[in-house]
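Biologist: I am new to this structure and would like to go through it one question at a time. Please let each answer show its reasoning before it arrives at the value or name I asked for.

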Amino acid sequence: MTSFIKDHPSLTRFAWLSIAAAVLTLGLKSGAYLLTGSVGLFSDALESIVNLAGALMALTMLTIAARPADEDHAYGHNKAEYFSSGVEGTLILIAAASIGITAFQRLLAPQPLEQIGLGLGVSIVASIVNLSVALVLQKAGKRYHSVTLEASAQHLMTDVWTSAGVLVGVGAVALTGWERLDPIVAFIVAGNITWSGIRIVRKSVLGLMDTALPAEEQTAIRRVLEKHSQGGVQYHALRTRQAGSRGFVSFHVLVPGEWTVQKGHNLLEHIESDIRSALPKITVFTHLESIDDPASWDDTALDRVENRLGESAPEGTRQPSADDIQTK
């Protein structure tokens with residue numbers, strides 16, 4: 001626990017950076033909309049409001065996630081990050097609906113744009129700010145395995161691409177004079193935002209459902225276990241789950257019955273150390289069992305096959321199957 005906290009400093013500073021960027025870009029994009037009257041730029045400004053709300057939510061959840069484990073939350077508070085990304089994804093979908101409604105109204109009643117050059121210049125500055133912050137959050141999200149920072153970075157990158165589309169649309173109106181291009185581009189922007197929101201919400205739901213670690217991380221864990229699976233040592237009941245920035249893995253190690261407790265304990269210490277070296281942000285739970293005891297094979301599934309101590313295992317569970325020996 002202490003090692004994890006030391007290697008995983010508070011991420012709230014990144015949330016404050018996101019808040020500052022959201023306030024700045026909201027002001028710039030609102031000014032661009034007021035200068036031009038473009039519904040495309042209005043959609044861009046509206047998404048900045050969503051960015052600000054999402055950043056405030058991220059600050060709250062990152063503060064909670066940074067709390068150490070306590071009596072009521074023995075596994076830590078890391079899952080709080082999924083609430084942040086889920087709320088941000090929902091806000092994105094609401095913004096997309098608002099943009100679509102506004103664009104539809106403007107499509108029925110197009111209006112001329114004003115001061116296009118100045119408005120586009122202001123919007124470009126806002127996009128540069130968002131791009132810079134998004135790259136910082138993206139790097140931090142990967143480094144600290146933070147779903148909140150990754151969602152915020154993805155949202156800001158979507159905002160950047162959205163702004164690029166709006167700039168193209170407004171520029172096209174200036175060149176062609178066809179005013180309906182503005183709401184058409186806004187519709188495209190709404191579609192792009194919707195897809196981004198769906199992806200963020202989906203990732204949040206998967207996290208709350210205790211989704212397993214990524215395949216490459218599971219492979220790294222199995223590689224360590226297989227390295228130690230010699231001299232009568234086997235493993236089974238391998239399970240993993242992701243909880244925000246923290247990953248959990250549990251498994252049972254089966255050793256010859258004549259081994260001393262100290263010898264088995266030393267083996268588990270080596271295995272756990274190797275896994276933490278391969279995956280620093282992981283919490284490992286191990287369980288030592290005798291490979292000679294039939295009862296050791298009753299708990300390979302999530303729900304244990306009940307068998308009173310000292311009794312023989314039910315017919316068919318005395319000898320381990322191929323699936324029992326190494327769960328892969």
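Biologist: To begin with a single residue, is Asp-210 buried, partly exposed or exposed?

Modeller: This is a predicted model, and what I can offer is computed from its coordinates. Buried means under 20% relative accessible area and exposed means over 50%. Asp-210 has a relative accessibility of 33%, so Asp-210 counts as partly exposed.

Biologist: Which residue's side chain meets that of Asp-210 in a salt bridge at 2.5 Å, N to O?

Modeller: Asp-210 lies in the loop between α7 and α8, and its partner here comes from another loop, the one between α3 (39-65) and α4 (80-108), so the pair ties together parts that are 131 residues apart in sequence. That partner is partly exposed, with a relative accessible area of 24%. The residue that meets Asp-210 at 2.5 Å, N to O, is Lys-79.

Biologist: Which residues do salt bridges with shared partners join into one network?

Modeller: Besides its bridge with Lys-79, Asp-210 meets the side chain of Arg-241 in a salt bridge of 3.5 Å, N to O. Arg-241 lies in strand β1 (residues 234-243) and Asp-210 in the loop between α7 and α8, so this pair ties together parts that are 31 residues apart in sequence. Arg-241 is partly exposed, with a relative accessible area of 21%. The residues joined into one network are therefore Lys-79, Asp-210 and Arg-241.

Biologist: How many salt bridges does the structure hold?

Modeller: Side chains of opposite charge can pair when their charged atoms come close. Among the pairs in this model is Glu-150 with Lys-203, at 2.7 Å, N to O, which links helix α6 to helix α7 across 53 residues. Glu-150 is partly exposed at 25% relative accessibility, and Lys-203 is partly exposed as well, with a relative accessible area of 42%. For the structure, the number of salt bridges is 5.

Biologist: Which element supplies the largest share of the lining of the largest pocket?

Modeller: The largest pocket is lined by 14 residues, and those nearest its centre are Tyr-82, Glu-150, Lys-203, Pro-214 and Gln-242, so the salt-bridged pair Glu-150 and Lys-203 is found there. Both α6 (147-176) and α7 (181-208) supply at least two residues of the lining. The largest share, 3 residues, comes from α7.

Biologist: How much space lies in the largest pocket?

Modeller: Rolling a probe the size of a water molecule over the atoms shows where empty space is left. The residues that line the largest pocket divide into 5 nonpolar, 6 polar and 3 charged. The space in this pocket comes to about 320 Å³.

Biologist: What is the volume of the largest cavity?

Modeller: The count comes to 1 cavity of 30 Å³ or more. Its lining includes Leu-225, His-228 and Tyr-235, and the elements that give two or more residues to it are α8 and β1. By class, the lining has 5 nonpolar, 3 polar and no charged residues. The volume of the largest cavity is about 30 Å³.

Biologist: Which residue in strand β1 has a positive phi of about 55 degrees although it is not a glycine?

Modeller: Most residues other than glycine have a negative phi. Asp-210 has a positive phi of about 60 degrees, but Asp-210 lies in the loop between α7 and α8. The residue in strand β1 is buried, with a relative accessible area of 2%, and its name is Ala-237.

Biologist: How many helices and strands does the protein have?

Modeller: Read along the sequence, the elements follow the pattern α-α-α-α-α-α-α-α-β-β-α-β-α. Of the 328 residues in the protein, 46% are buried. The secondary structure comes to 10 helices and 3 strands.

Biologist: What is the mean pLDDT of the protein?

Modeller: Where pLDDT is low, the predicted coordinates should not be read in detail. The pLDDT is below 50 over residues 1-8, and it stays under 50 over residues 308-328. Across the protein, 85% of the residues reach 70 or more, and the mean pLDDT is 80.

Definitions and conventions: Residues are numbered from 1 along each chain as its sequence is written. Side-chain values use heavy atoms; hydrogens and water are left out. pLDDT is the predictor's confidence in each residue, from 0 to 100. Contact means heavy atoms within 4.5 Å. On a 1 Å grid over the protein atoms alone, a cavity is a set of points where a 1.4 Å probe fits but cannot get out, and a pocket is an open set with protein on both sides within 12 Å along at least five of seven lines; lining residues have an atom within 4 Å of a point. Grid points are joined across faces, edges and corners, and a volume is the space filled by probe spheres set on the points. Helices (H or I, at least four residues) and strands (E, at least two) are DSSP runs, numbered from the N terminus. Ala, Val, Leu, Ile, Met, Phe, Trp, Tyr, Cys and Pro count as nonpolar, Asp, Glu, Lys and Arg as charged, and the others, Gly among them, as polar. A salt bridge is a side-chain nitrogen of Lys or Arg within 4 Å of a carboxyl oxygen of Asp or Glu. Buried means under 20% relative accessible area, exposed over 50%, partly exposed in between (1.4 Å probe, protein chains only).
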